[in-house]
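User: Please take a close look at the nonpolar interior of this protein and at the parts that bear upon it. Kindly begin with where caution is due in reading the coordinates.

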Amino acid sequence: MRSQGRFRRTALAALSAGVLLAVAGCEGGDRTAKGTTGTAEAKDVLLQPIASPGPGPFTASTARAADSPSPTGAPDGEPDSGTRTVHPVSGAVPGLYGGTRSVAACDVEKQTTLLTDDEDKAGAFAEAAGIEAVQIPGYLKSLTPVVLRADAQVTNHGYSAGSATAFQAVLQAGTAVLVDSRGMPRVRCACGNPLGPPVVADGKVAHRGERWPGYDPARIVAVEPGVKAATSLIIVNTDDNSWIERAMGDSGGRDRVPDDPPPFEPDADLLFPSPGRPSEPPSPDSTPSDSAPSEPEAPTDPGPDESSDGFGDTPPEEPWEYEEGVPEEVAPEPTQVFPAEPEEPDGPDVPAEPDAPMEADLGDVFAG
């Protein structure tokens, strides 16, 4: 009996290894599925073009046909020329996603029906998404249909033998996805698969699958959750390259022009101006107003300048803190100290003496 059990375990291990190779590798995480072990398999990444269902799709495609958005500055050079680099970017960055005004990139109602009609798939989907199966309709309705504007690595989940198996994948720009209130892709509409944050492996990574024109391993994004839940997303209208504000959980019926559009053009290459720069989207709004607090008209000038700097946040914050702190705290001191000194009972000859220390103090202030 012991030998039969050992044989059975060996056969299952071999079968699991075959499944892992078939889906281009699995990753380990909080919600490990059957056949998912460790994080070493994250070094195998499957490339998934826009319409490719990939291995083990949960459902048929619910993505609506639409013109593919122009990638955010993706070059047309040789795909193997660059070193693989995955750039972290906040899901709240305006322009990370695109779409067509008043048109949903994914049929959410159809997606709900396809999942809930199959009890086994519904259970596997819910487990991978971290919800209960009965919550699937409300969960999908809370997500927002958009399309990626950059190639993005995600943790994808294929359906096999009644369970979800995780694997690393790079989704092509133009892929229809459903995102949550923090801008995280949660469902791939071409296959109904649940999505999670990527597991980015160090060292050499094997990219398997079909490569698309313009694919560059050095221009891959890893979407990170926004700092706080948002009520809307600023996306790019792929029809006329304009801005759209889309309410969270809305399929496009309430699309409108944003009241406060970003200080850069929708086709600007925001994702890779320099490493790590686009991870904090709120800074462009705060930086123009903070760079010159004493002048109400100054925010309109630094806005366009910083847009050309790549929607960054770190460089503007440090000089702002320095300039803000020095004039506000040090400059008032002479006016508070020296008017009090003439009131001392030293006599009328004292006014000549305060002049000397006042000049010395001010010199020290501005020299510092």
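Analyst: In this predicted model, residues 350-368 have pLDDT under 50 throughout, and the model gives them seven contacts beyond four places in sequence. A second stretch, residues 73-81, also stays under 50, with 13 contacts beyond four places in sequence. Where pLDDT is low, the predicted coordinates should not be read in detail. Over the protein, pLDDT averages 73, and 58% of the residues score at least 70.

The overall setting is as follows. The protein contains nine helices and 13 strands. Of its 368 residues, 43% are buried. Among contacts with a separation of 6 or more, 74% join residues that lie 24 or more positions apart. The accessible surface amounts to about 18,900 Å², and carbon and sulfur atoms account for 53% of that area.

The interior itself can now be considered. The largest nonpolar core has 22 residues, and the members that touch the most others are Phe58, Phe125, Ile136, Leu140 and Leu178. At least two residues of this core come from each of α2 (108-116), α3 (119-129), α4 (136-142) and β7 (176-179). The largest share, five residues, is supplied by α3. Leucine 140 illustrates how distant parts of the sequence meet here: beyond four places in sequence, leucine 140 touches Val108, Gln111, Thr112, Leu115, Phe125, Leu178 and Val187. A separate core of 20 residues is also present, and Val154, Met184, Val223 and Ile244 are among its members.

The helix with the largest share of the first core merits a fuller description. Lys121, Ala122, Ala124, Phe125, Ala126 and Ala128 are the buried residues of α3. An α-helix has 3.6 residues a turn, so residues three or four places apart point the same way. The buried set contains such spacings, with Lys121, Ala124 and Ala128 as one series and Ala122, Phe125 and Ala128 as another. On the receiving side, these buried residues pack against α2 and α4, and also against β5 (152-160), β6 (163-171), β8 (185-188) and β9 (193-196). Both ends of the helix have identifiable features. At the N-terminal end, aspartate 118 acts as a cap, with a side-chain oxygen 3.1 Å from the backbone nitrogen of aspartate 120. After the helix comes glycine 130, whose phi is positive, near 80°.

The cysteines raise a separate point. The count of disulfides in this model is zero. Cysteine 191 is in no disulfide, since a pair must have sulfur atoms within 2.5 Å, and its nearest cysteine sulfur, that of cysteine 189, is 8.7 Å away. Cysteine 191 has a relative accessible area of 0%, so it is buried. Cysteine 106, at 1% relative accessible area, is likewise buried.

Next come two consecutive residues in a loop. Aspartate 250 lies in the loop between β13 (242-247) and α5 (283-291), and serine 251 is found in that loop as well. Which of the classes, buried or partly exposed, applies to aspartate 250? With a relative accessible area of 11%, aspartate 250 falls under the 20% limit and therefore counts as buried. Serine 251, by contrast, is partly exposed, because its relative accessibility of 36% lies between the limits of 20% and 50%. A polar atom of the aspartate 250 side chain is 2.9 Å from the backbone nitrogen of glycine 252. Beyond four places in sequence, aspartate 250 touches Thr144, Pro145 and Asp255. Serine 251 touches Val103, Ala104, Val108 and Pro145 on the same basis. Proline 145 is thus a contact of aspartate 250 and of serine 251, while Val108 is a contact of serine 251 and of leucine 140. The C-alpha atoms of serine 251 and alanine 104 are 4.8 Å apart, although 147 residues separate the two in sequence.

Proline 49 provides a further case of contact across the sequence. Proline 49 sits in the loop between β1 (44-48) and β2 (86-90). Its relative accessible area of 14% is under 20%, so proline 49 is buried. Aside from neighbours within four places, its contacts are Gln172, Arg188, Glu210 and Trp212. The C-alpha atoms of proline 49 and threonine 175 are 7.7 Å apart, with their positions 126 residues apart along the chain.

Technical notes. Residues are numbered from 1 along each chain as its sequence is written. Side-chain values use heavy atoms; hydrogens and water are left out. A nonpolar core is a set of buried Ala, Val, Leu, Ile, Met, Phe, Trp, Tyr and Cys residues joined through side-chain atoms within 4.5 Å. Buried means under 20% relative accessible area, exposed over 50%, partly exposed in between (1.4 Å probe, protein chains only). Helices (H or I, at least four residues) and strands (E, at least two) are DSSP runs, numbered from the N terminus. Contact means heavy atoms within 4.5 Å. A polar contact is a pair of N or O atoms within 3.5 Å; within protein, one must be able to donate a hydrogen and the other to accept it, and residues adjacent in sequence count only if both atoms are side-chain atoms. Accessible areas come from the Shrake-Rupley method with a 1.4 Å probe; for residues, only the protein chains shown count as cover. pLDDT is the predictor's confidence in each residue, from 0 to 100.
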